[in-house]
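User: Please explain the terms used for this structure one by one. For each term, I should like to see how the value is set against its definition.

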Amino acid sequence: MTQKNQMMLLAALVLIMAVVWYFNRSTSAVAPGTVASFQSYQLLAVENPQLHRDKMEAAQKTEYHSLGRNPFSEIAPPSEQKPKTVVAHGPVGPMPPPPPEPPKLPPNMKFFGYGTIPNGTLRRAFLSDGDEVYIVGEGDTLLGRFRIVKINNANLEFEEIATGIHNTVTMQEEQSAPPA
């Protein structure tokens with residue numbers, strides 16, 4: 001921009017400022033001697049506007065008594081702990097039944113080992129029931145009553161399908177016959 005254009009812009013801004021100042025001065029100023037702006041003022045509804053000297057003197061004579069808390073600290077002091085009295089209540093109503101005992105495999109069923117399939121990573125558990133041998137994997141059912149949950153190195157976790165209660169059986173070592 002040339003210097004001539006800048007001077008014209010400055011003159012226009014000064015003119016606008018003068019017009020705004022003139023209109024704001026004339027509308028906001030109250031002429032002396034006019035009471036129009038004070039006619040809508042109402043006094044507060046106070047029954048006795050006199051000073052209450054007795055209440056002021058009583059307030060001045062009060063002393064501050066600390067309750068153990070520092071008023072300038074955000075941290076509250078520890079509260080006094082009253083010893084709690086524990087009242088032992090006896091059971092009300094009938095006693096709940098004892099929890100059910102964990103499920104057990106049939107008495108002659110033995111967990112005697114585990115293995116893995118060479119091309120897979122799932123473990124298989126080997127269980128024997130007399131001459132019968134069962135090979136089951138995790139998630140399989142055994143005898144239609146038990147689901148195999150986890151096969152570990154030394155134990156077998158299973159659940160009874162009907163109740164959902166879990167139990168664990170440890171691996172039993174085969175005892176070899178004594179030499180004759």
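Analyst: We may begin with one position: glycine 115 stands opposite arginine 124 in S2. This is a predicted model, in which local features need pLDDT of at least 70 and side-chain atom pairs count only at pLDDT 80 or more, while totals for chains, interfaces and linings use all residues. Residues are numbered from 1 along each chain as its sequence is written, and side-chain values use heavy atoms, with hydrogens and water left out.

User: What makes S1 and S2 a pair of strands?

Analyst: A strand is a DSSP run of E with at least two residues, a helix is a run of H or I with at least four, and both are numbered from the N terminus. Two strands pair if DSSP finds at least two bridges between them. Strand S1 (residues 109–116) and strand S2 (residues 123–129) have seven bridges in the antiparallel sense, so they meet the rule for pairing. Strands of a sheet pair through backbone hydrogen bonds, either parallel or antiparallel.

User: How do you know that S2 also pairs with S3?

Analyst: Six bridges join S2 to strand S3 (residues 132–137), and the two run antiparallel. One bridge sets phenylalanine 126 against isoleucine 135 in S3. The hairpin of S2 and S3 has two residues between the strands, and glycine 130 takes a positive phi near 70° there.

User: Which strands are called edge strands in the open sheet?

Analyst: The open sheet has four strands in the order S4-S5-S6-S7, with antiparallel pairing. Strand S4 (141–142) and strand S7 (166–170) are its edge strands, as each pairs on one side only. S6 and S7 pair over five bridges, and the bridge partner of phenylalanine 158 in S7 is asparagine 167. Across the whole protein chain there are two helices and seven strands, which run α-α-β-β-β-β-β-β-β from the N terminus on.

User: Why is the pair of arginine 124 and aspartate 140 called a salt bridge?

Analyst: A salt bridge needs a side-chain nitrogen of Lys or Arg within 4 Å of a carboxyl oxygen of Asp or Glu. The closest N and O atoms of arginine 124 and aspartate 140 are 3.7 Å apart, so the pair satisfies the rule. Arginine 124 lies in strand S2 and aspartate 140 in the loop between S3 and S4, so the salt bridge ties together parts that are 16 residues apart in sequence.

User: How many salt bridges are there by this rule?

Analyst: The count comes to three. One of them joins glutamate 160 and arginine 145, with the closest N and O atoms 3.9 Å apart. That pair links strand S6, which holds glutamate 160, to the loop between S4 and S5, where arginine 145 lies 15 residues away. Another joins arginine 147 and glutamate 159 at 3.3 Å between the closest N and O atoms. Here arginine 147 in strand S5 and glutamate 159 in strand S6 are twelve residues apart.

User: Does glutamate 159 count as buried, partly exposed or exposed, and what of arginine 147?

Analyst: Buried means under 20% relative accessible area, exposed means over 50%, and partly exposed lies in between (1.4 Å probe, protein chains only). Glutamate 159 has 15% and is therefore buried, whereas arginine 147, at 31%, is partly exposed. Arginine 124, with 23%, is likewise partly exposed. Leucine 15, in helix H1 (residues 3–28), has 57% and therefore counts as exposed. Buried residues make up 12% of the 180 residues in the protein chain.

User: What makes a set of residues a nonpolar core?

Analyst: Its members are buried Ala, Val, Leu, Ile, Met, Phe, Trp, Tyr and Cys residues joined through side-chain atoms within 4.5 Å. The largest nonpolar core has 13 residues, of which Leu105, Leu127 and Leu156 touch the most other members. S1, S2, strand S5 (146–151) and strand S6 (155–160) each supply at least two residues of this core, and S5 gives the most, with three. In soluble globular proteins, nonpolar side chains tend to be buried together.

User: What does leucine 127 touch?

Analyst: A contact means heavy atoms within 4.5 Å. Not counting residues up to four places away in sequence, leucine 127 touches several residues, including Leu105, Phe111, Val136, Leu142 and Leu156.
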